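I opened the model to look up a few local features and wrote down what I found. The entries are short.

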Amino acid sequence: MDWKKELNRWKEEENIDGSLKEQLELLDEAELEDAFYKELEFGTGGMRGKLGPGTNRMNVYTVRKAAKGLAEYVKNKKGDSIVIAYDSRYLSETFAVETARVAGAEGVKAYVFSSLRPTPELSFAVRHLGADAGVVITASHNPPEYNGFKVYNEDGGQLPPAEAEKMITLVQKVENELEVDTEEAGTLEEKGLLAWVDTDVDEAYLEAVQGIRLSDDIDKDMSIIFTPLHGTAHPLVTDSLKRAGFTNVSLVEAQAEPDPEFSTVASPNPEETQAFTLAMEQGQKTGAELLIATDPDADRVGLAVPGEDGEYHVLNGNQTGALMLDYILSQNKELPDNKIMIKTIVTSEMGRAIASKYGARTLDTLTGFKFIGEKIREFEASGEATFAFGYEESYGYLVSSFVRDKDAVQASLMGAEMAAHWKKKGYTLLEALEELYKEHGYYIEGMDSLKLEGRAGTEKIAKIVDSFREMKLKKVGGLEVLATEDYQSSERTFADGAKETIHLPKSNVVKFILEEDGWFCLRPSGTEPKLKCYYGVKSGNRERSKELLEALRAEVSEKWHAVN
């Protein structure tokens with residue numbers, strides 16, 4: 001794209017939103033280039049970007065263009081309705097209504113939630129209402145200056161690659177995002193093309209959430225503190241815990257109300273310990289036994305528990321996933337022999353060991369919960385396998401498939417039940433995790449990221465991944481390389497030169513399989529301008545695993561920083 005030509009097109013548009021035109025005048029040349037040099041793309045989390053003017057920004061015009069493409073996508077599938085939800089971010093409600101206005105102008109009915117709702121409820125609502133697609137306006141745990149447009153298919157799952165490509169093609173056919181047709185909301189209501197939904201869907205969803213419970217033989221008086229981190233989870237998580245009989249639940253009041261600035265945290269991300277600061281302070285005063293934090297759109301959840309040192313420790317995503325998997329498989333006696341656990345290629349191998357103990361098969365997918373949702377749908381259609389649990393290292397878990405995306409409401413309830421189960425047996429979650437390590441080995445993982453913004457950053461990220469793809473590594477961090485997996489060429493190459501096909505969608509990802517169950521994997525983030533590198537090791541004791549991880553991270557980091 002010729003960014004200057006695109007900029008002039010916007011400047012010459014007489015009816016452009018006044019606030020966006022004012023913002024344009026405040027940007028320097030580098031900022032203008034970044035705002036116009038490309039169009040927002042769909043990654044693992046859909047379309048997501050910074051708010052502001054430009055084709056590479058989230059604004060009413062880029063949202064209208066995406067909505068137009070979505071409406072055409074629905075009509076091409078002979079569909080006639082969508083569901084729209086939105087979170088607490090800046091302009092989320094505006095973008096939700098704009099999406100409905102565009103859809104209605106195309107003859108597609110929009111069911112719009114009348115107030116904030118979490119992503120997993122949107123996934124549920126698509127199937128519950130029999131709609132043909134769904135949208136949630138959210139940027140998950142990104143900083144306040146971001147928002148996004150996440151699309152779901154008729155199964156309630158995020159669009160997998162083949163469907164996303166069709167959608168992208170239709171969006172790209174919209175020649176001018178500044179001239180997309182819309183219809184007034186009131187007119188659409190009169191025509192029956194806009195309907196507001198709320199408590200009926202809430203009740204159906206909450207009833208389904210209660211269905212995941214596995215045991216009442218637990219200590220329901222366990223003291224719990226919950227924080228929604230200024231997002232959408234407050235009513236649904238607290239209601240779910242109350243219905244399940246948890247009587248000792250407290251809220252972090254300062255973080256209970258929606259706030260687009262997320263003013264009490266540096267980042268509204270339960271993956272980061274700082275997000276638990278207020279919950280920990282409250283917990284120290286009250287002696288809480290479990291802290292629960294959800295991200296703004298309530299698809300991710302973090303758990304923290306007190307240790308022997310008297311301090312709270314945040315479980316990482318792999319640890320929480322291992323504990324949930326073990327609890328579910330040990331307690332759910334109704335799962336058939338063909339049960340399957342689904343995880344991503346950058347999620348700990350500990351889950352595979354736990355699943356094997358209980359006779360469950362493990363399936364790996366690419367990063368992004370849409371791939372897990374896609375497999376659930378396939379297995380339900382074929383009967384080949386029965387979904388038992390799905391998770392990814394980035395704090396996303398799915399207990400039951402009535403939702404086709406990660407679900408922090410389900411995971412919060414299951415986390416509470418799991419903790420209450422172990423409390424009755426005399427264990428904290430940390431102690432229960434230690435028992436899993438003793439049984440299966442000390443699996444330890446890590447992740448490093450390199451933030452590189454703008455066009456130059458995108459090019460540098462691609463160059464680093466390509467450089468690793470071309471490396472003929474024999475040993476890394478003192479561990480021999482057993483195989484290299486290139487997901488772009490769908491090829492696994494072993495140390496002896498033998499090759500085999502990787503049966504997963506193509507993706508710009510490279511993974512190295514090492515001895516002693518070690519591995520590392522490089523992938524560009526689908527939602528942020530970052531290169532991510534994931535690591536995993538295993539040994540018979542904690543200290544040895546820490547040493548292995550430290551050596552591996554140090555050498556890989558040195559190699560990627562050496563790329564010019």
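The entries below cover a helix pair, a buried helix face, cysteines and some backbone angles.

**Status of the model**

I note at the start that this is a predicted model.

**Helix 13 and helix 16**

I looked up how helix 13, residues 350-357, meets helix 16, residues 429-440. Their axes come within 11 Å and cross at roughly 80°. Angles of 65 to 115 degrees count as roughly perpendicular, so I logged helix 13 as roughly perpendicular to helix 16.

Next I listed the residues that make the contact. Helix 13 supplies M350, A353, I354 and K357, and helix 16 supplies L436, Y437, E439 and H440. I sorted the residues of this contact by type: five are nonpolar, one is polar and two are charged.

I then picked out H440, which is in helix 16. Is H440 buried or exposed? It counts as buried, because its relative accessibility is 12% and the cut-off for buried is under 20%. Leaving out residues up to four places away in sequence, I found that H440 touches A353, I354, K357 and K538. Of these, A353, I354 and K357 are also listed for the helix 13 side of the contact.

**Helix 11**

Which residues of helix 11, residues 277-286, are buried? I found A279, M280 and G283. They cover an arc of only 95° around the axis, so they sit on the same side of helix 11. I checked what lies over these buried residues, and the cover includes strand 8 (224-227), strand 10 (290-294) and strand 12 (312-314). Just after helix 11 comes G287, where I read a positive phi of about 75°.

**Positive phi outside glycine**

I went on to residues other than glycine. L91 is not a glycine, yet its phi is positive, at about 70°. I placed L91 in the loop between strand 3 (81-86) and helix 5 (92-105). L91 counts as partly exposed because its relative accessibility is 42%.

A298 is another residue other than glycine with a positive phi, near 60°. I placed A298 in the loop between strand 10 and strand 11 (301-306). Its relative accessible area is 0%, so A298 is buried, whereas L91 is partly exposed.

**Cysteines**

How many disulfides does the whole structure hold? My search returned zero. I then asked why C521 has no bond to the closest cysteine sulfur. That sulfur belongs to C533 and is 7.4 Å from the sulfur of C521, which is too far for a bond; a disulfide needs the two sulfur atoms within 2.5 Å. Seen from the other end, C533 is in no disulfide either, and its nearest cysteine sulfur is that of C521.

I also looked up the burial of both. C521 is buried, with a relative accessible area of 0%. C533 counts as buried too, because its relative accessibility is 0%.

**T169**

My last lookup was T169, which I found in helix 7, residues 161-172. T169 counts as partly exposed because its relative accessibility is 38%. I also took the separation of T169 from T320, which lies 151 residues apart from it along the chain. The C-alpha atoms of T169 and T320 are separated by 38 Å.

Definitions and conventions. Residues are numbered from 1 along each chain as its sequence is written. This is a predicted model: local features need pLDDT of at least 70, side-chain atom pairs count only at pLDDT 80 or more; totals for chains, interfaces and linings use all residues. Side-chain values use heavy atoms; hydrogens and water are left out. Axes are lines fitted to C-alpha atoms, for helices over the stretch in contact, and angles run from 0 to 180 degrees between N-to-C directions. Helices (H or I, at least four residues) and strands (E, at least two) are DSSP runs, numbered from the N terminus. Angles under 35 degrees count as roughly parallel, over 145 as roughly antiparallel, 65 to 115 as roughly perpendicular and the rest as oblique. Contact means heavy atoms within 4.5 Å. Ala, Val, Leu, Ile, Met, Phe, Trp, Tyr, Cys and Pro count as nonpolar, Asp, Glu, Lys and Arg as charged, and the others, Gly among them, as polar. Buried means under 20% relative accessible area, exposed over 50%, partly exposed in between (1.4 Å probe, protein chains only). The arc is that of the directions from the helix axis to the C-beta atoms.
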